Amino acid sequence: MLGARSKPPVCRKRRRAANVTNDAISNPNDTPNVTPNAAPNEALPPGATIGILGGGQLGRMAALAATALGYRCHVFSPDADAPAKEVSTAQTTAPYEDRDAARAFAAAVDVVTFEFENVPDETLAVIAKGAPVRPGVDALHISQDRAIEKTFLGDNEIGTTPWAPIITAADLDPAAATGFPAILKTARFGYDGKGQVRVDTADDLAAAWAEINQVPAVLEGFVDFEREISVIVARSTGGETRSYVPVDNVHRDHILFTTTAPSTIDATIAEAAQAIADRISGALNLVGLLAVEMFVTHDGDILVNEIAPRPHNSGHWTMDACAVSQFEQFIRAVSGLPLGDPARHSDAVMTNLIGDEADQWLKFLNEDGACLHLYGKTESRPGRKMGHVNRLSPMVRPAP
Ligand code: AMP
């Protein structure tokens with residue numbers, strides 16, 4: 001708890017842990033005079049340090065937003081060249097399983113947040129002893145595992161795709177009752193379509209499970225959806241929520257290709273989607289940002305596909321089309337600041353730049369109305385997110 005902390009943020013930056021580099025250490029006098037010991041619901045003062053677990057582009061853009069608000073960021077990632085490390089004040093390079101490094105990291109920061117959810121439970125426990133964890137250990141735990149997540153959503157009467165857990169071979173037959181075609185997904189560590197196999201008949205199920213090395217999985221009925229949408233909602237330390245408008249998402253090769261803001265769905269479905277995101281954030285008792293990916297069926301039903309308690313690729317459009325981007329909103333929420341206005345001032349289409357698509361950077365810079373964001377990744381690989389472009393246009397429908 002911030003309130004229980006005995007040392008002000010200003011002291012913490014002078015401690016150096018193993019494998020930690022800290023630009024501020026070389027100039028300790030360059031430290032703003034900050035108010036110590038903010039209570040849990042109090043605002044973290046400028047000059048305090050936000051710890052970010054994970055060093056990818058989400059962490060990078062969050063760190064840039066935090067910097068604009070006067071915070072320092074300490075990034076923990078096993079990758080020495082992580083994009084977020086380039087724009088942070090302090091860095092820890094260690095495996096996520098390294099508890100000593102996690103302990104030192106937690107001691108060096110004022111709050112810990114995450115740019116991805118696959119942090120080992122033991123590491124989370126160590127960190128939670130040393131610093132407030134936002135979005136919260138429970139929210140992370142639930143969203144780490146598809147089976148736990150879907151059970152949680154079901155318990156909260158939120159619609160999901162039909163699904164069944166597969167943990168042992170004995171689960172294969174009962175799971176087949178979900179129906180086919182279906183998608184087999186690893187329960188953990190899946191993203192951008194990784195760890196997913198389409199299964200067309202019950203006879204293919206055992207082979208599909210073997211293909212993902214018989215790890216714990218969920219079998220999901222294939223949904224012939226009308227469209228995919230997502231909602232990003234922020235929830236403050238005091239429980240206030242504010243959400244961005246629902247957006248339409250198009251995937252290519254299982255990777256998000258474009259996000260169009262706002263979604264063109266009926267206003268009633270948009271409201272229902274925002275209400276679902278709001279309810280989930282409350283049920284998780286989340287502090288921070290929650291992205292909720294949903295399928296809208298041809299009948300207008302909403303099925304939640306996946307949740308992520310952090311900034312999300314489908315919220316990148318907010319960087320240029322809203323006064324307060326998802327990254328600033330995220331930092332505001334985890335720092336105990338008032339949430340900002342999520343209204344947009346423009347419509348936007350976000351296009352991901354995957355692999356060598358980012359080589360066209362000069363072309364995007366020459367295009368009026370296009371806002372280019374590159375992630376500073378040194379190596380381009382097929383399927384790797386290298387940047388994105390937001391193309392703005394005047395609002396067709398009034399905000400929200
Ligand atoms: P996920 O990793 O679960 O977000 O899945 C990646 C993408 O695969 C989704 O955004 C959908 O386009 C597609 N997908 C995943 N699950 C299903 C499903 N049950 N039915 C139809 N399409 C799906």
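# A guided tour of the predicted model

Begin by selecting helix 4, residues 121-130, whose buried residues are Thr123, Leu124 and Ile127. Looking down the axis of helix 4, one finds these buried residues within an arc of 100°, so they line one face of the helix. Now colour Asp121, Glu122 and Lys129, which are exposed on the other side of helix 4. To see what covers the buried residues, display helix 3, strand 5 and helix 5 (137-144), which are among the covering elements. Please keep in mind throughout that this is a predicted model.

**The whole chain**

Zoom out before continuing. The chain has twelve helices and 18 strands. Of its 400 residues, 47% count as buried. Among the contacts in the chain with a separation of 6 or more, 63% are accounted for by residues 24 or more positions apart.

**Asp110, between helix 3 and strand 5**

Return to two of the elements that cover helix 4, and select Asp110 in the loop between helix 3 (99-107) and strand 5 (111-114). Is Asp110 buried or exposed? Asp110 has 29 C-beta neighbours inside 10 Å and therefore counts as buried, the cut-off for a buried residue being 20 or more. Next, add Ser335 to the selection and draw the distance between the two C-alpha atoms. Asp110 and Ser335 lie 225 residues apart in sequence, yet their C-alpha atoms are 9.0 Å apart in space.

**Helix 2 against helix 11**

Select helix 2 (residues 57-68) together with helix 11 (residues 326-334); their axes come within 8 Å and cross at roughly 70°. That angle makes helix 2 roughly perpendicular to helix 11. The crossing in which helix 2 passes helix 11 is right-handed. Show side chains for the residues that make the contact: Met61, Ala62, Ala65 and Ala66 from helix 2, and Phe327, Glu328, Phe330 and Ile331 from helix 11.

**Helix 9 and its cover**

Move to helix 9, residues 267-283. Why does a span of 24 Å agree with its 17 residues? At 1.5 Å a residue, helix 9 should span 24 Å, and its end C-alpha atoms are indeed 24 Å apart.

Colour the buried residues of helix 9, namely Ala270, Ala273, Gln274, Ile276, Ala277, Ile280 and Ser281. They cover an arc of only 155° around the axis, which puts them on the same side of helix 9. Ala267 and Thr268 are exposed on the other side of helix 9. For the cover over the buried residues, display strand 10 (227-235), strand 11 (241-243), strand 14 (288-296) and strand 15 (302-308), which are included in it.

**Following helix 9: Asn285**

Step past the end of helix 9 to Asn285, in the loop between helix 9 and strand 14. Phi of Asn285 is near 55°, a positive value in a residue other than glycine. Most residues other than glycine have a negative phi. Asn285 has 12 C-beta neighbours inside 10 Å and so counts as exposed.

**A second positive phi: Asn213**

Select Asn213 in the loop between helix 8 (205-211) and strand 9 (217-221). Its phi is also positive, near 60°. With 9 C-beta neighbours inside 10 Å, Asn213 counts as exposed.

**Cis peptide bonds**

Which residues does a cis peptide bond join? One pair is Phe180 and Pro181, with omega of about 0°. Pro181 lies in the loop between helix 7 (172-175) and strand 7 (182-186). Another cis peptide bond joins Ala261 and Pro262, again with omega of about 0°. Pro262 is placed in the loop between strand 13 (255-261) and helix 9. Most peptide bonds are trans.

**Last stop: Thr297**

Finish at Thr297, in the loop between strand 14 and strand 15. Thr297 has 14 C-beta neighbours inside 10 Å and so counts as partly exposed. Draw the C-alpha distance from Thr297 to Arg227: the two residues are 70 residues apart along the chain and separated by 7.1 Å. Then display Val223, Phe225, Glu226 and Leu303, with which Thr297 is in contact when its neighbours within four places in sequence are left aside.

Definitions and conventions: Residues numbered from 1 in each chain as written. Predicted model: local features only at pLDDT ≥ 70, side-chain atom pairs only at ≥ 80, totals over all residues. Helix = DSSP H or I, 4+ residues; strand = E, 2+ residues; numbered from the N terminus. Expected span 1.5 Å × (residues − 1). Arc of directions from axis to C-beta. Contact = placed C-beta atoms within 7 Å. Axes fitted to C-alpha atoms, helices over the stretch in contact; angles between N-to-C directions. Parallel < 35°, antiparallel > 145°, perpendicular 65-115°, else oblique. Left-handed = near helix turned anticlockwise from the far one by under 90°.
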